[in-house]
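Me: I am new to this structure, and I would like to understand the words used for it as well as the values behind them. Could you take me through it slowly?

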Amino acid sequence: MNERLDYLREKTSKLTTSPGVYQMKNKSGHIIYIGKAKNLKNRVTSYFCKSPDHTPKVAKMVEQVYDYDFIVTDSEYEALVLECSMIKQYSPKYNILLKDDKGYCYIKISDEPFPRITAELQKNGEGTYIGPYTSSYVAKQAVNEANRVFALPTCRRKFPQEINKTRPCLNYHIKQCMGVCTGCISEEDYNGIVREAVEYIRDGSVQSVEELTQKMNEASEELDFEAAARYRDRIKAIQKAADNQKIIAENMPDTDVIAAVVNGGNACAAVIMYRGGRLVDRAEFFLGASDESDNIIGEFISQYYKPGMEIPREILTEEFPDGEIMEKLLRERSGHAVSLLFPKMGRGYRLLSLAKANAGEYLSMRVGRTGSELIALEELAKVLGLPKPPLYIEAYDISNLGSESMVSGMVVYENGRPLKKAYKKFAIKRVEIQNDYASMAEVLERRFRHYLDPDDTDEGFAALPDLILLDGGKGQVNAVAPVLEEMGIDVPLFGMVKDNRHRTRAIATGGGEISITETKAAFMLLTRIQDEVHRFSITFQRSKHKKESYALELTKVKGIGDKKAQKLLMKYRTKTELKKASPDEIARTAGVSAEIAREVYELIQGMK
């Protein structure tokens, strides 16, 4: 608890409502966080209010705030520019900081009579270098593709020293090398092909195909059919490479695709760079946490694109606040028009999904979850309008045989995976005839009575979930919502609706339904949750029904009532255990005579 909260609240009450930048400082006077605001008073007040809903990172930052300063600006845009400048100057502990700690990779064209194209981790030796690339994978992929498309040699032979000295290798025979070692190509022609390969790497597949097509047509007009055939083969190789990659898009302008994935206190952003219609580089950045998860993309972009850096004319990303002023900032830094696009469908959306998958996989290595699990939780939060991904989910289902054996199961998913030690079973007690709505209301009330009871030591009831899912439609939601409201439980509540084939179809609210079929990861997660809670509930119901059937059979013996039958079933939980019990053990457990115990024993042995 910050002992300076009263002072900070008093200071904030007098703060201006103008746009500006604020600097949070610790007791030593060091700046630990810098933020911008279109309304300084509202933004700063949110840190020191009496009922905050902070992420763990922000809560920790607020605990360390001793004082703060602020600078008023004329506009939100000026506040954004000032914030970026000050973050770069002070590098505050709690801001997203993009540290340049990545290794780089280059593409090298060697300086020799017959140059080779290779991927290098650093500039080493004479030659021409393209780069740097932040992804060694992308650099190696570009080199391999260029060597394959233009049939350049990749062996260790020295040219021209070893021309006609040995037999050509396998690559020549399978037409993946032009065969410099055979002496069939001159140094001048070879260097011309290398120049084409370098242009292909720099300019991309679309421009290369256009240039090669023009050269093929010129060779045909001059009746040089052998040259025309070589250009034709290169065009086919480029088009085949494009088909294999599935990420080369013709007529696509130079574009960066940026997406982020958030999981609890951690976040990761991925940037995929397309130039000349082809992927040329990619990079992932571990960001830690953000005080505003809906603006983590904006925070990242403002620091990623530094002044003087190459900024493409199009950036595809997820929607975030203040996109217009960010666009203005990027135009100023680049010196040309920049469009921030937020695709919802089509090719742009597919590319954005690819970037998001990369961010998810990178973050998964940090938090021990798969990328698809992280993306599913983020998709689910967006579909349901939740402020953050629901890391702790409880789901409920009612199962019964008419008005008999009425039960409910509660399953828990933590970080997208079942947490079986937290599962709970409920036997319906207050509802006497079949009524799923009333049964669901009873179960939720009993569950949160445990949560509200300070003397309850059951860890399975101690956590407040981020999301509650009920197996059923808006009827179940409307039956439970008043119960939670009366108890003061503020947790998002939704139903899971199935179609006539018993498959998850939609999410129910109190007033309607939300389609989830277009969000693949979230749809799959909800389907797994609904199937699991149904399995757990019906298994419990069948088990309870069997026990009730056994109890009914036992009461056929004179002297055995319901209570004594239940004593036996509590002691011996399965039919196998019950059959192993001796007459003496039955007598002691049920508290009956040896004669009655003998009758019970014989009845049990005859059960199937």
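**Reasons behind the words**

Reply: Methionine 216 makes a good beginning, because its relative accessibility is 18% and it therefore counts as buried. The model is a predicted one.

Me: Why is 18% called buried for methionine 216?

Reply: The word buried applies under 20% relative accessible area, and methionine 216, with 18%, therefore counts as buried.

Me: Where does methionine 216 lie, and which residues is it in contact with once its neighbours within four places in sequence are left aside?

Reply: Methionine 216 belongs to helix α8, which covers residues 205-221. Its contacts, with those sequence neighbours left aside, are Ala228, Tyr231, Arg232 and Ile235. Contact here requires heavy atoms within 4.5 Å, whereas the C-alpha atoms of methionine 216 and isoleucine 235 are separated by 9.4 Å, the two residues being 19 apart along the chain.

Me: What makes lysine 175 exposed?

Reply: The term exposed is used over 50% relative accessible area, and lysine 175 has 74%, so it is exposed. Lysine 175 sits in the loop between α6 and α7, and its phi is near 65°, a positive value in a residue other than glycine.

Me: Why is aspartate 322 called partly exposed?

Reply: Partly exposed is the class between under 20% and over 50%, and aspartate 322 has a relative accessible area of 28%, so it is partly exposed. Aspartate 322 is placed in the loop between β10 and α11, and although it is not a glycine, it has a positive phi of about 65°. Aspartate 322 is also among the residues that line the largest cavity.

Me: How many cavities of 30 Å³ or more does the structure hold, and how much space lies in the largest?

Reply: There are 5 cavities of 30 Å³ or more, and about 60 Å³ of space lies in the largest cavity. The elements that give two or more residues to the lining of the largest cavity are α4, α10 and α11, and α10 gives the most, with 3 residues.

Me: How do the residues of that lining divide into nonpolar, polar and charged?

Reply: The lining of the largest cavity divides into 5 nonpolar, 3 polar and 4 charged residues. Including Leu80, Gly298 and Glu299, the lining offers an example of each class, because Leu counts as nonpolar, Gly as polar and Glu as charged.

Me: What makes strand β8 largely enclosed by the rest of the structure?

Reply: Of the 10 residues of strand β8, which covers residues 266-275, 9 are buried, so the strand is largely enclosed by the rest of the structure.

Me: How do you know that β7 and β8 pair?

Reply: Two strands pair if at least two bridges are found between them, and 9 bridges join β7 to β8, the two running antiparallel. One of the partnerships is that of threonine 255 with tyrosine 274 in β8.

Me: How many residues of strand β4 are buried, and which residues lie on its two faces?

Reply: Strand β4, residues 105-110, has 6 of its 6 residues buried and is mostly covered. Cys105, Ile107 and Ile109 are on one side, while Tyr106, Lys108 and Ser110 are on the other, and both faces are covered.

Me: Which strands are joined to β4 by bridges?

Reply: β4 is joined antiparallel to β6 by 5 bridges and antiparallel to β5 by 4 bridges. Isoleucine 109 takes part on both sides, with threonine 128 as its bridge partner in β6 and isoleucine 117 as its bridge partner in β5. β4 and β5 form a hairpin, with 6 residues between them.

Me: Where is the cis peptide bond that involves proline 160?

Reply: The cis peptide bond joins phenylalanine 159 and proline 160, with omega at about 10°. Proline 160 has its place in the loop between α5 and α6.

Me: How much of the whole protein counts as buried?

Reply: Of its 608 residues, 48% count as buried, and the protein has 20 helices and 19 strands. Its accessible surface comes to about 31,600 Å², of which 48% belongs to carbon and sulfur atoms.

Note on methods. Residues are numbered from 1 along each chain as its sequence is written. This is a predicted model: local features need pLDDT of at least 70, side-chain atom pairs count only at pLDDT 80 or more; totals for chains, interfaces and linings use all residues. Side-chain values use heavy atoms; hydrogens and water are left out. Buried means under 20% relative accessible area, exposed over 50%, partly exposed in between (1.4 Å probe, protein chains only). On a 1 Å grid over the protein atoms alone, a cavity is a set of points where a 1.4 Å probe fits but cannot get out, and a pocket is an open set with protein on both sides within 12 Å along at least five of seven lines; lining residues have an atom within 4 Å of a point. Grid points are joined across faces, edges and corners, and a volume is the space filled by probe spheres set on the points. Accessible areas come from the Shrake-Rupley method with a 1.4 Å probe; for residues, only the protein chains shown count as cover.
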